[in-house]
Amino acid sequence: ITKLNNFFSRLVVALCGNLLLALGVLIVLFRVDLRVGLAMTLFVAVTFGVIFGLRDIAVPAWAAARAASAQLFGFLEERLAATEDIRASGAVAILHAQRGLALRSLTLIRNQVRAAMRGATIGGTTILLFTIGAALSLGLGAYLYRAGAITIGTVYLLFAYTEMLRRPIEQITRQLQDLQQAAAGIGRVRALLNERSAVVDGPGAPIPATPTLAAGAALAVEFDQVTFTYPATPDGDLPDGDEHGPALVDLSFALAPGEVLGLRGRTGSGKTTIARLLQRLYDPQAGAIRLGGTELRDARLTDLRTRVGIVTQQIELFHASVRDNLTFFDRAIPDAALWDALEQLGLAGWCRALPDGLGTLLAPGGGGMSAGEAQLLAFARVFLKNPGLVILDEASSRLDPATEARVEHAVDRLLAGRTGIIIAHRLATVERADTILILEDGHLLENGPRAALAADYDSRFAQLLRVGMAEVLV
């Protein structure tokens with residue numbers, strides 16, 4: 001964007017001004033002698049033709065340089081954000097960050113040198129052409145002088161005017177060199193704008209409307225022989241370290257409206273993948289997922305994500321006011337609704353104690369807030385959405401017992417009249433579940449009513465209860 005700004009800010013003055021100057025010099029040369037004017041006009045035309053023919057020679061190299069620059073600054077941002085973890089882990093002595101910085105800086109320098117060398121082709125060609133032009137001007141002047149058509153002073157005048165053509169052409173050449181960088185920038189911007197999500201918005205099949213009150217807002221959930229594999233990233237890795245094939249394999253289960261599911265399984269078994277698929281962050285390669293009887297691919301994404309609320313372990317807070325963090329910058333939500341949600345979660349006192357209440361600006365990343373307060377704000381976001389399906393993905397893992405006690409009653413109210421999916425390792429968290437589903441390596445290992453599974457001595461869930469759920473699942 002900076003390269004585009006530099007180019008277009010000087011384009012009109014530099015290009016138009018220098019073209020007018022070159023045209024004025026050629027007119028003067030025509031007035032001196034028609035043959036000189038024709039010869040120099042031909043020279044200028046050939047020069048511009050050669051220069052414009054070379055205008056794209058460095059564009060791929062500048063595009064590579066811009067990509068290397070983006071990788072360098074992305075690396076810097078990531079490592080600076082992790083400064084505390086790097087120091088606390090003793091990774092400073094390993095010099096990993098320094099090596100990575102040196103490698104990416106070297107790549108950037110190499111790409112920029114390669115691009116500059118290619119861009120200099122135009123400048124070198126211009127010097128060669130002007131050397132030829134000067135020789136042409138002196139040779140033509142000498143010929144006309146010996147023929148008695150002009151004086152020695154006119155010969156000098158022709159050479160001087162030929163040299164005057166150097167400035168506008170060199171200025172235009174510099175603009176073309178800037179154009180190469182600008183073209184590389186345009187190419188990267190265009191590539192970004194041409195990126196299309198693999199998840200295509202549906203035609204708009206309706207999902208049962210969520211009433212204003214929680215009662216009756218619950219939605220049925222159905223997984224019908226769902227198989228899903230994460231797409232490989234550009235460097236060939238898979239998200240979440242999943243390098244062993246499908247995250248879910250032929251998974252089928254159903255939840256009735258208002259039913260609460262406790263989702264169990266080891267790390268990497270596919271629990272969080274179910275939450276992502278229900279929000280349609282990805283589409284399964286096989287099978288169908290239905291919400292309220294509507295296949296997710298047939299619904300609008302905005303409608304779907306309004307019907308599904310999720311609270312994760314990692315809470316993202318913006319450098320914005322409490323109000324904007326609660327509403328995601330939706331000013332249509334009245335303050336009364338915000339205070340009601342905060343009251344239900346026991347956060348109203350905390351918010352009133354802030355300097356500007358709902359208008360208080362939060363630090364970047366939620367700095368200055370405890371993990372419990374950030375988690376409760378995430379719960380308030382879901383309260384405001386009033387969804388038909390609520391997913392709690394390790395939502396209370398960061399809470400201390402006192403804070404967890406404050407949120408327990410809010411979770412009960414949040415799940416009242418709604419379908420719920422609770423993903424957690426802690427036994428107490430799934431005690432409110434009606435049904436238990438246990439995954440192992442993406443396969444359905446066990447599914448049934450919680451009370452029945454707990455009473456069945458041979459069930460996997462009963463085994464977890466006997467030996468300690470965290471010990472078996474972590």
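This briefing walks through the main pocket, one enclosed strand, the aromatic pairs and the salt bridges.

The model is predicted, so local features need pLDDT of at least 70 and side-chain atom pairs count only at pLDDT 80 or more, while totals for chains, interfaces and linings use all residues. Residues are numbered from 1 along each chain as its sequence is written, and side-chain values use heavy atoms, with hydrogens and water left out. Helices (H or I, at least four residues) and strands (E, at least two) are DSSP runs, numbered from the N terminus.

**The largest pocket**

- There is about 650 Å³ of space in the largest pocket. A pocket here is an open set of points on a 1 Å grid over the protein atoms alone, where a 1.4 Å probe fits, with protein on both sides within 12 Å along at least five of seven lines; the volume is the space filled by probe spheres set on the points, which are joined across faces, edges and corners.
- Its lining (residues with an atom within 4 Å of a point) runs to 26 residues, with Gln-279, Ile-310, Phe-328, Arg-381 and Lys-385 nearest the centre.
- Helix 13 gives the largest share, 5 residues; helix 8, helix 9, strand 6 and helix 10 are also among the elements that each supply at least two.
- By type, the lining splits into 13 nonpolar, 6 polar and 7 charged residues. Ala, Val, Leu, Ile, Met, Phe, Trp, Tyr, Cys and Pro count as nonpolar, Asp, Glu, Lys and Arg as charged, and the others, Gly among them, as polar.

**Strand 3 and its neighbours**

- Strand 3 (residues 260-265) is largely enclosed by the rest of the structure, because 6 of its 6 residues are buried (under 20% relative accessible area; exposed is over 50%, partly exposed in between, with a 1.4 Å probe and protein chains only).
- In a regular strand, side chains alternate between the two faces of the sheet.
- Here, Val-260, Gly-262 and Arg-264 point one way and Leu-261, Leu-263 and Gly-265 the other, and all are buried.
- Strand 3 runs parallel to strand 8 (residues 419-423), with 4 bridges, and parallel to strand 9 (residues 435-440), with 5 bridges; strands pair if DSSP finds at least two bridges between them.
- Leu-263 has partners on both: Ile-423 in strand 8 and Leu-437 in strand 9.

**Aromatic pairs**

- The structure holds 6 aromatic pairs (ring centres of Phe, Tyr or Trp, the last by its six-membered ring, within 6.5 Å; planes under 30 degrees apart are stacked, over 60 edge-to-face, the rest tilted).
- One of them is the stacked pair Phe-223 and Phe-253, at 4.8 Å centre to centre and 15° between the planes. This pair links strand 1 to strand 2 across 30 residues, and both rings belong to buried residues.
- Phe-228, Tyr-230 and Tyr-282 form one aromatic cluster.

**Salt bridges**

- There are 10 salt bridges, each a side-chain nitrogen of Lys or Arg within 4 Å of a carboxyl oxygen of Asp or Glu.
- Arg-300 and Asp-201 meet at 3.5 Å, N to O, and sit in loops 99 residues apart along the chain. Arg-300 is partly exposed at 39%, as is Asp-201 at 37%.
- Asp-303 and Arg-307 meet at 3.0 Å, about one helical turn apart in helix 9; Arg-307 is buried at 12%.
- Glu-343 and Arg-352 have their closest N and O atoms 2.8 Å apart. Glu-343 is partly exposed at 44%, whereas Arg-352 is exposed at 52%.
- Glu-222, Asp-224 and Arg-290 are joined into one network by salt bridges that share partners.
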